Amino acid sequence: MKEWKIALVPGDGIGPEVVAEGVKVLQAIEKLDDTLSFEFERFPWGCEYYLEHQKMMADDGIEQLENFDAIYLGAVGYPGVPDHISLWDLLLKIRKGFDQYVNLRPVRLLNEELTPIKSKSEKDIDFLVIRENSEGEYAGAGDWLFKGKKEEVVLQTGVFSRKGTERIIRYAFEEARKQQKSLTSISKANALNYSMVFWDEVFEEVGKEYPDVKTESYLVDAASMFFVMQPERFEIVVTSNLFGDILTDIGAAITGGMGLATGANVNPERDYPSMFEPVHGSAPDIAGRGIANPIAAIWSVAQMLEHFGEEEWGSIVVDTIKEIIDEKKVLTPDLGGKHSTSEVGDYFVEKIAGKLHHK
Ligand code: NAD
Ligand code: IPM
Ligand code: MN
C-alpha cells in the first residue's frame, strides 16, 4: 500500500471550490485502488487569513509543508489584499522555497470544438510548455527610489543565473529526448540584450550535447503569433518565467479557456515537495457562485498522480476529462453547460468508477 501525504492549500476565490472537486477525485481513486491511499491536511492560508493575521501563511508555513509528498493549491489573490503581497507571500514563496524550478504546462486540445482557431484540431494543438519557475523576470530584484517624488525611479531586474538557465534548458532537452520530440526555445534577444542573449547562448551550448533533438528558436512576439496561427509547430517549448506565464494563458485560450489549463511546479531532485495547481487565478468575478470549471484542477490531480509514478491513473483521469468534454452532457457555463462545479466533480467520479473494470 502506497500512502501519499498531500497538503491542501485551497487559497482564495474559486480556489477552494475547485480543489474540493480534485480531492473528490483522489478519494474516488483511493476507493477503487487498494494499493493507494491519500492523506490530506488542509491549510487555511490566503487572503482571508491575511486579513485576520496580517500574513498570508503561518511563519513556519514552509517548514509545515516540507514533509508532504505534494502540495495541491487552488488559487491565490483577492481584492482587498494587494496582489504583489498575496502572491509573493504564498504562491511564489512556495515555488521558490521548494526550488520548484520546473513548471510543466501542457497545452493540449481535447476536442476541436473547444478551440476558437478555425480549422485546427486535436492533432494540431498538443504540446508541453516548460517554464522556468524560480528566477528570471520573477527574481524579485529591484528598487523603488524617490518614491512619490518627481525624480521617482523604479527598477525591476531580471536575474538569469548560469545555474538557473542551464538547469531548465537541460531539463527541457532531456524531456525532448525522452519523448523524441522537437524542442523550441522562446526568448527575446533582439531587445533584452543581456538576459536573452545569454539564454540563447546557453540553449545553443546545451543543445550540442543533444544532437538527436531537433531545435527551433523563436522570438516571443513571433512565437505568440504562432501559438495562435500555427500551433502545430510546437512539441516541447522552453521559456523564461514571465514569457511562460503569458504564453500559457494563450495556450489556455486556444484549448478551451482558463477552466481547463493545468500546471505542475516541480522540484525534479525531489528534495522538496512539488506543487500542483490550475493555471487560472481566483476568478473573483465568478467566485462563490458554484460555477467555476473544476476540470483544470482535476487535470492537476492527473499531473500529481504521474509525479507519484501512477502514470496509468494519470492517463485515466485525462481520458475521463476528454470523455466528459466529448459528451457535452455535464459541463460548467464557461464550456456552454448549465452544471455546477460540484455536479461536474460528481459526474467525473461516477464516470471514473465505471471505468475501473477495464483497468
Ligand atoms: P483569473 O484566471 O482568476 O480569471 C481570468 C478569467 O478567467 C475570469 O473571467 C475568470 O472568471 C475566468 N476563469 C478563471 N478560472 C476559471 C474557471 N475555473 N472556470 C471558469 N472561468 C474561469 O485571472 P485574473 O482575473 O487576472 O486574476 C484574479 C486573481 O487571481 C488576482 O488576484 C490574480 O493575481 C490571481 N491569480 C492567481 C493565480 C494563481 O494562484 N495561480 C493565477 C492567476 C491569477
Ligand atoms: C500563474 C500566475 C502567477 C504567475 C501569478 C499569480 C504570480 O499568473 O501561475 O500563471 O505569474 O506565475
Ligand atoms: Mn499566469
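Ala, Val, Leu, Ile, Met, Phe, Trp, Tyr, Cys and Pro count as nonpolar, Asp, Glu, Lys and Arg as charged, and the others, Gly among them, as polar. The model is predicted, with pLDDT of at least 70 required for local features and 80 or more for side-chain atom pairs, while totals for chains, interfaces and linings use all residues. Residues are numbered from 1 along each chain as its sequence is written, chains are lettered from A and ligands numbered from 1 in the order in which they are written, and side-chain values use heavy atoms, with hydrogens and water left out.

**Exercise 1.** Characterise the surroundings of ligand 2 by residue and by class.

Solution. Step one is to list the residues near ligand 2 (a heavy atom within 4 Å): L87, R95, R105, R131, Y138, D245 and V279. Step two sorts this shell into 3 nonpolar, no polar and 4 charged residues.

**Exercise 2.** Identify side-chain polar contacts of ligand 2, then state how much of the ligand the protein buries.

Solution. A polar contact is a pair of N or O atoms within 3.5 Å; within protein, one must be able to donate a hydrogen and the other to accept it, and residues adjacent in sequence count only if both atoms are side-chain atoms. Oxygen atoms of ligand 2 supply the partner in each of these cases: the side chain of R95 at 2.7 Å, that of R131 at 2.8 Å, and that of Y138 at 2.5 Å. Taken alone, ligand 2 exposes 320 Å², of which the protein buries 77% (Shrake-Rupley areas, 1.4 Å probe; for residues, only the protein chains shown count as cover).

**Exercise 3.** Describe the shell, backbone contacts and burial of ligand 1.

Solution. Begin with the 22 residues around ligand 1, of which V76, D83, G281, A283 and D285 come nearest. By class, this shell has 12 nonpolar, 6 polar and 4 charged residues. Next, consider the backbone: polar atoms of G281 and A283 each lie 2.8 Å from an oxygen atom of ligand 1, and an N or O atom of N293 lies 2.9 Å from a ligand nitrogen. Finally, ligand 1 taken alone exposes 810 Å², and the protein buries 70% of that.

**Exercise 4.** Give the overall dimensions of the chain.

Solution. Along the principal axes, the C-alpha atoms fill a box of roughly 60 × 50 × 40 Å.
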